[in-house]
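Reader: I would like to go through the terms used for this model and hear, case by case, what each of them rests on.
Author: Gladly; please ask about whichever residues you like.

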Amino acid sequence: MDRKHALPTTAAALGFAGLLTGTTALAGDTLPLDPKLSVTLDGVYYDDSIDGSGDAMLGETAGIFDAHGHGDDHDHAGHEHGLEQGFNLRHTEITLTGGIDALLDARLNVAISDEGDVELEEAFVASTGLPAGLRVKAGKFYSGIGYTNEKHPHDWDFVDQNLAYRTLLGDHGLSDTGVQLTWLPAWDHYTLFGIEAFQGDNNERLGTEADHADDLPDRDKAPRLWTAFAKWSPDLGHDHALQLGASAAFFRSHQELHHHDEPGEHGVDGDARLWGLDAVYKYDAGRGYGQGDWRVSAEYLIAEKNLELAHHASNPDVVGEARDFTEDGLYVQATYGIAPRWELGLRYDAVGFTNEKRGPRVAVNADYDESERWTAAATWHISETSRIRAQVAQVSAAFDDHREDYTQFYLQYQMTFGAHGAHNF
């Protein structure tokens with residue numbers, strides 16, 4: 001496996017003029033750049049057995065991270081999108097990468113929705129020449145925790161995000177503005193250690209922005225979100241590769257405004273933590289175009305929030321009461337190359353094996369049911385940068401007052417044109 005940092009980098013600190021012209025000034029000199037531009041198109045036809053509402057409903061499953069504020073839970077600024085029945089054009093990604101000088105690389109990644117909205121997904125610079133295996137990255141970027149978090153949708157093995165990430169980290173994963181330090185020691189086996197400090201107000205699940213809630217206390221000074229991760233891989237030869245990882249995230253000023261109908265609106269404030277374990281195994285059969293190749297990966301995530309009621313619209317006497325939340329999730333998935341350029345995939349993902357809310361009064365305690373899904377996909381890799389995928393999933397999802405079983409169907413195309421760098425392991 002690649003023993004170098006497989007972390008491409010960005011040019012937020014550069015001006016667009018320098019990137020587009022291929023030059024930038026440093027100490028009075030003009031240095032040539034080699035920026036690489038790529039565009040990824042992602043279209044999905046979607047249908048299900050409940051009139052097309054099944055994908056959006058996956059963001060509403062019962063638990064402590066119910067994204068729409070149903071029942072006991074909260075609104076996370078409307079980040080859950082959901083595929084509509086019929087044709088969907090997901091985000092078109094425009095990526096610009098290149099070297100700034102002998103010491104820095106840069107990456108800019110912009111996503112454009114079908115309605116024309118522009119979202120800055122990544123914009124960071126990263127060092128290339130530090131000694132002792134050290135590397136620094138600064139700007140806006142996806143956290144290095146877990147195995148899937150840094151992967152963009154065009155690098156997924158399935159059409160959609162797994163339930164563990166979608167529920168606990170949000171469909172876009174954990175990303176924010178901050179700084180990352182990684183260390184790749186010169187050991188016999190690949191080992192990578194990383195720590196990150198983030199602003200802490202730009203995430204769908206950890207660090208949800210609640211600045212609009214005047215009745216909540218002032219948040220702690222940034223950085224508010226800290227993460228750490230480690231990845232280790234033994235040397236199994238040329239045909240086999242195994243990587244094991246562990247991650248943790250701590251948010252020291254987590255706030256939520258729970259949008260119940262008045263007069264039940266209330267806000268909570270406190271700390272949030274997340275832990276994760278991940279593993280991935282790859283086998284290279286040595287045959288043409290992926291035939292006979294295996295990929296198996298799995299992750300387990302558990303999140304815990306220790307909060308206090310900081311505001312209650314109708315019952316100020318409960319302000320100060322503890323509210324403790326815990327929810328976990330996992331996925332296990334495998335892909336196999338059945339023929340040149342053809343791949344089959346199978347995934348099991350679930351959330352809510354532990355799924356509870358606790359407080360000093362019995363009335364506020366709750367144990368929610370788990371939700372789970374089985375997914376099968378067939379992918380035709382037309383080339384290294386384009387594919388067509390058919391996918392079917394069987395869902396058994398728990399909601400506040402009932403369980404829903406339904407089938408989902410997806411048909412996807414993904415096409416990338418322009419220079420596109422290698423993906424992470």
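Reader: Which lysine lies over the face of phenylalanine 124, and at what distance from the ring centre?
Author: This is a predicted model, and in it lysine 137 is placed over the face of phenylalanine 124, 4.5 Å from the ring centre. The distance part of the criterion asks for NZ of Lys within 6 Å of the ring centre, and 4.5 Å satisfies that limit. Lysine 305 is likewise over the face of phenylalanine 325, at 5.1 Å from the ring centre.

Reader: What makes the pair of tryptophan 294 and tyrosine 336 tilted?
Author: The structure holds ten aromatic pairs. In the pair of tryptophan 294 and tyrosine 336, the ring centres are 4.8 Å apart and the planes meet at 40 degrees; since an angle under 30 degrees would count as stacked and one over 60 as edge-to-face, the pair is called tilted. Tryptophan 294 belongs to strand β14 and tyrosine 336 to strand β15, so the pair ties together parts that are 42 residues apart in sequence.

Reader: Why is tryptophan 294 called partly exposed?
Author: Its relative accessibility is 38%, and because buried requires a value under 20% and exposed one over 50%, tryptophan 294 falls in between. Tyrosine 336, with a relative accessible area of 30%, is partly exposed by that reasoning too.

Reader: What are the centre distance and plane angle for tyrosine 348 and tryptophan 374, and which parts does the pair tie together?
Author: This aromatic pair is tilted, with 4.8 Å from centre to centre and 45 degrees between the planes. Tyrosine 348 sits in strand β16 and tryptophan 374 in strand β18, so the pair connects parts that are 26 residues apart in sequence. Tyrosine 348 is buried, because its relative accessible area of 16% is under 20%, whereas tryptophan 374, at 48%, is partly exposed.

Reader: Why does threonine 148 count as buried, and which side chain does it join in a polar contact?
Author: Threonine 148 has 8% relative accessibility, which is under 20%, and therefore counts as buried. This residue is found in the loop between β8 and α3, and its side chain makes a polar contact of 2.7 Å with that of tyrosine 331, a value within the 3.5 Å limit.

Reader: How do you know that phenylalanine 198 is buried?
Author: The relative accessible area of phenylalanine 198 is 1%, so it meets the requirement of being under 20%. Phenylalanine 198 is part of strand β10, and ring pairs link it with Phe124 and Phe141 into a cluster.

Technical notes: Residues are numbered from 1 along each chain as its sequence is written. This is a predicted model: local features need pLDDT of at least 70, side-chain atom pairs count only at pLDDT 80 or more; totals for chains, interfaces and linings use all residues. Side-chain values use heavy atoms; hydrogens and water are left out. Helices (H or I, at least four residues) and strands (E, at least two) are DSSP runs, numbered from the N terminus. Buried means under 20% relative accessible area, exposed over 50%, partly exposed in between (1.4 Å probe, protein chains only). A polar contact is a pair of N or O atoms within 3.5 Å; within protein, one must be able to donate a hydrogen and the other to accept it, and residues adjacent in sequence count only if both atoms are side-chain atoms. Rings of Phe, Tyr and Trp (its six-membered ring) pair if their centres lie within 6.5 Å; planes under 30 degrees apart count as stacked, over 60 as edge-to-face and the rest as tilted. A charge sits over a ring if NZ of Lys or CZ of Arg is within 6 Å of the ring centre and within 35 degrees of the ring normal.
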